[in-house]
Amino acid sequence: MHDDYKASKEAFVSGMTGSSIGHINMVSLSALISIALHSALRTRLPSNRPLQFTTEVLLLVAPLIASVTIFANAPGVLCLILLAPTTLLLLLPRRESGTYLPSALTHSRVSSRDSTSPREVTFPRTINIPPLPALTTYRSHMLLLTFICILAVDFPVFPRSLAKCETFGVSIMDLGVGSFVFSQGVVSAIPLVKNPEHLTAPLLPKLTTVLRKCSPVLLLGLLRTISVKGTEYPEHVTEYGVHWNFFITLAIIPILQVLLHPVMVHVPISLLGVIVAISHQLALSLGGLQDFVLDAPRVGVIAANKEGLVSLTGYLAIHLLGLSTGTLVLAPTPSYFRRRQQQLARPHAVPARPRTPSSDSDSDDDDPAPAPIPTRVLEQRRETDKTATELCSYAVLWWASLGLLKLLGVGGPGGVSRRLVNVQYVAWVAAYNTTFLLGYLVLDLFFFPSPLSKSVYSPTSKLKVHPDPDVLKATRHLRGREGGGGGGGSAPALLEAINKNGLVLFLLANVMTGLINLSMPTIYMSDWSAMLVLSLYGFALSALAWTCRHRRLWKF
C-alpha cells in the first residue's frame with residue numbers, strides 16, 4: 001500500500017467529533033421497526049419457504065445498511081418507509097398458528113401457605129434456560145450493524161459523524177464496541193442463572209476453564225496485531241494503542257469477571273458495575289490516568305498501549321452491567337437470581353420451607369432457591385411481562401444517570417469518551433442497550449402473545465400461581481412459537497443463524513474488510529459503487545450464516 005494513500009486513509013477516519021445521542025437513537029430505531037415489519041409479515045401472511053432467505057435479507061439486513069449510509073442523515077424517512085407496510089399489515093387479521101393445550105394453562109389453586117400435599121418438593125439447584133428470542137434478535141442485530149459499520153466507515157457514503165470519535169463525542173461506531181462488551185456480559189449470565197452456586201465454586205478450576213475458552217480470542221488478537229503490522233494496513237492507534245486491539249480486550253474481561261465472583265456473592269452485580277465505573281472515573285480524573293492517555297508520549301510498551309490498558313476497567317464495568325441485565329432477562333423472574341444470591345450470602349441461614357412448584361406464591365416474585373437436588377433440572381416458565389417492567393425501570397435509571405452526569409460535568413468537559421471509557425460512556429452504553437433489548441422484548445410480547453409468558457394470579461387467593469413443571473416440559477414445543485415466553489424458534493431464522501456463529505462471522509467480516517480495503521481505493525469510491533460493495537458484502541455474510549444455520553462452526 002502506497003504511503004500517501006495510507007496517510008490519506010488514516011486521516012479519513014481520524015479527528016472525528018461524532019453526532020448526537022438523539023441522532024444515533026433514530027438511526028438505530030430502524031432496526032426495531034424492521035423487526036416489527038418482519039413480525040407483522042410472519043403473523044399476517046403465510047410463510048414462503050423458498051423465499052425465506054431473500055425476504056429476511058431484504059427486511060433485516062438491507063434496512064441496517066441503508067440506515068448508516070444513504071439514510072444516515074435522514075433516519076426518520078427510513079423509519080416512515082418501514083412503518084408504512086408494517087401498519088398496513090397490522091390491519092390484516094392474524095394468521096392462526098395453533099392453540100395452546102388447555103392443560104398448559106391450568107394452574108393449581110392451592111395456596112403455598114396451606115399446602116401439605118405430599119407433592120411438595122424442594123427446588124433443584126439447576127434450572128433449564130430456554131432461548132430468549134428477543135435476546136437472539138438483539139445480539140444478532142448488534143453483530144450485523146457491527147459487520148456493516150467496520151467496512152462502511154471506509155467509504156464516503158458513510159457519514160463521518162457516525163465514525164469513531166477521536167477522544168470525546170458520541171457515534172454509532174463508538175457505541176458498537178461498548179455494545180459488544182455489554183452483550184458479552186448478558187450471555188455470560190447463563191451459568192450463573194442456571195446454577196447461582198457457580199459463584200461459590202473453587203476459583204482455580206473456573207479460571208482454568210475461562211482461560212481455555214478465551215485463549216483462541218486472545219490468539220486472534222495477537223495474530224491481528226502481527227498481520228496489521230506486516231501488511232502496513234492503515235490503523236488508528238488512538239483507539240486501543242500500538243499493539244492492543246479489541247480482541248485482546250474481549251479475551252481479558254471474562255477472566256476479570258471470574259476473579260470478582262467472591263465479591264458477587266455479597267454485592268449485587270449492578271452495584272458492583274457502578275462501583276467499578278465510579279472507581280475508574282476517579283482514577284481518570286483524580287489519579288491522572290486521563291492526562292496519561294491524552295498527553296503521555298508512547299515510550300515503552302505500557303505507554304504505547306495506554307488506551308487499551310486504561311480502558312479495560314471501564315469495559316469491565318460495562319460487562320458487569322450487561323451481566324446484571326442477563327440475570328434479569330434470562331431467569332424465570334427478575335428476582336430469581338437476586339434471591340438465590342442473597343441465600344448464598346447467608347450460607348448458615350435456616351432454609352425456607354419448600355414449596356410445591358404448582359402452588360400460589362406469597363408474593364409477585366419467584367420462590368427463593370431451596371436446598372439443591374442435583375439430579376433434576378427444573379423446567380420453569382419465564383414471566384416476560386414482569387421482566388420487561390423491571391428492564392424498563394433500569395433503562396430509565398441509566399438514562400437519568402447519564403443526564404445527571406452530563407449536568408454535573410462528571411467525566412470531563414468533553415462528555416462521553418469511548419477512548420477513555422469514562423463513566424458517561426458506561427452509562428450511555430448501559431442505557432442504550434437496556435432500552436433496545438427492552439424494545440425487542442416488547443415487540444415479541446406484542447406480536448407473539450401467550451399466557452405462558454405472563455404472570456397469572458389466582459382469582460380466589462389473588463396470589464401468583466405456577467403451572468405444573470411436567471406440563472411446562474410437555475408443552476415446550478408450543479412455547480417455541482411464543483416470542484416472549486422463553487421458548488426457542490421465535491427469532492427470525494437468519495438472525496438465529498447469525499447468533500449461532502457470531503464470532504466466526506465477526507472474524508470473517510474483519511478479514512473481508514481487510515481484503516476489500518487492500519483491493520480497492522475505498523475512500524475515493526462513489527456512493528453507488530460503495531452501496532453495491534456493501535450490499536454484496538452483507539449478502540455474502542448472510543448467505544454463509546444461513547448455510548451453516550444448523551451447526552456451530554467453532555466450538556471452544
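A residue counts as buried when its relative accessible area is under 20%. Trp546, at 13% relative accessibility, is therefore buried, and it makes a good starting point for a tour of this predicted model. From there we can visit the aromatic pairs, eleven in the structure, then the salt bridges, six in the whole structure, and finally a loop residue and the cavities.

**Around Trp546**

- Phe53 and Trp546 form a tilted aromatic pair, with 5.5 Å from centre to centre and 45 degrees between the planes.
- This pair links distant parts of the chain, since Phe53 sits in helix α3 (residues 52-67) and Trp546 in helix α22 (residues 527-547), 493 residues apart.
- Phe53 has a relative accessibility of 14%, so this residue counts as buried.
- Trp546 has a charged neighbour too: the charged end of Arg549 sits over the ring of Trp546, 4.2 Å from the ring centre.

**An aromatic cluster**

- Elsewhere, ring pairs join six residues into a cluster: Phe180, Tyr240, Phe246, Phe247, Tyr315 and Phe506.

**Salt bridges**

- Side chains of opposite charge can pair when their charged atoms come close.
- Arg418 and Asp174 meet through their side chains in a salt bridge, at 2.6 Å from N to O.
- Arg418 belongs to the loop between α16 (384-408) and α17 (423-447), while Asp174 belongs to helix α6 (residues 172-187), so this salt bridge ties together parts that are 244 residues apart in sequence.
- Both partners, Arg418 and Asp174, are buried.
- Arg298 forms a salt bridge with Glu307, and the closest N and O atoms are 2.6 Å apart.
- The two ends of that bridge have their own accessibility values: Arg298 is partly exposed, with a relative accessible area of 30%, whereas Glu307 is buried at 0% relative accessibility.
- Glu390 and Arg338 also meet in a salt bridge, with 3.4 Å from N to O.
- That pair likewise links distant parts of the chain, with Glu390 in helix α16 and Arg338 in helix α15 (residues 336-345), 52 residues apart.
- Arg338 is partly exposed, its relative accessible area being 32%.
- Arg298 and Glu307 also belong to a network with Arg419, joined by salt bridges that share partners.

**A loop residue to look at**

- Val421 is not a glycine, although its phi is positive, at about 50 degrees.
- You will find Val421 in the loop between α16 and α17, the loop that also holds Arg418.
- With a relative accessible area of 0%, Val421 is buried.

**Cavities**

- The count comes to five cavities of 30 Å³ or more.
- The second largest cavity has a volume of about 40 Å³.
- Its lining is made up of Ile35, Ser39, Arg42, Thr137, Asp444, Phe448, Ser490, Ala491 and Pro492.
- Helix α2 (residues 21-44) gives the largest share of this lining, with three residues.
- By character, the lining of the second largest cavity divides into four nonpolar, three polar and two charged residues.

Conventions:
Residues numbered from 1 in each chain as written. Predicted model: local features only at pLDDT ≥ 70, side-chain atom pairs only at ≥ 80, totals over all residues. Heavy atoms only, no water. 1 Å grid on protein atoms, 1.4 Å probe; cavity = no way out; pocket = protein on both sides within 12 Å on 5 of 7 lines; lining within 4 Å. Points joined across faces, edges and corners; volume = space filled by probe spheres on them. Helix = DSSP H or I, 4+ residues; strand = E, 2+ residues; numbered from the N terminus. Nonpolar A, V, L, I, M, F, W, Y, C, P; charged D, E, K, R; others polar. Phe/Tyr/Trp six-rings, centres within 6.5 Å; stacked < 30°, edge-to-face > 60°. Buried < 20%, exposed > 50% of the residue type's maximum accessible area, 1.4 Å probe, protein only. Lys NZ or Arg CZ within 6 Å of the ring centre and 35° of its normal. Salt bridge = Lys/Arg side-chain N within 4 Å of Asp/Glu carboxyl O.
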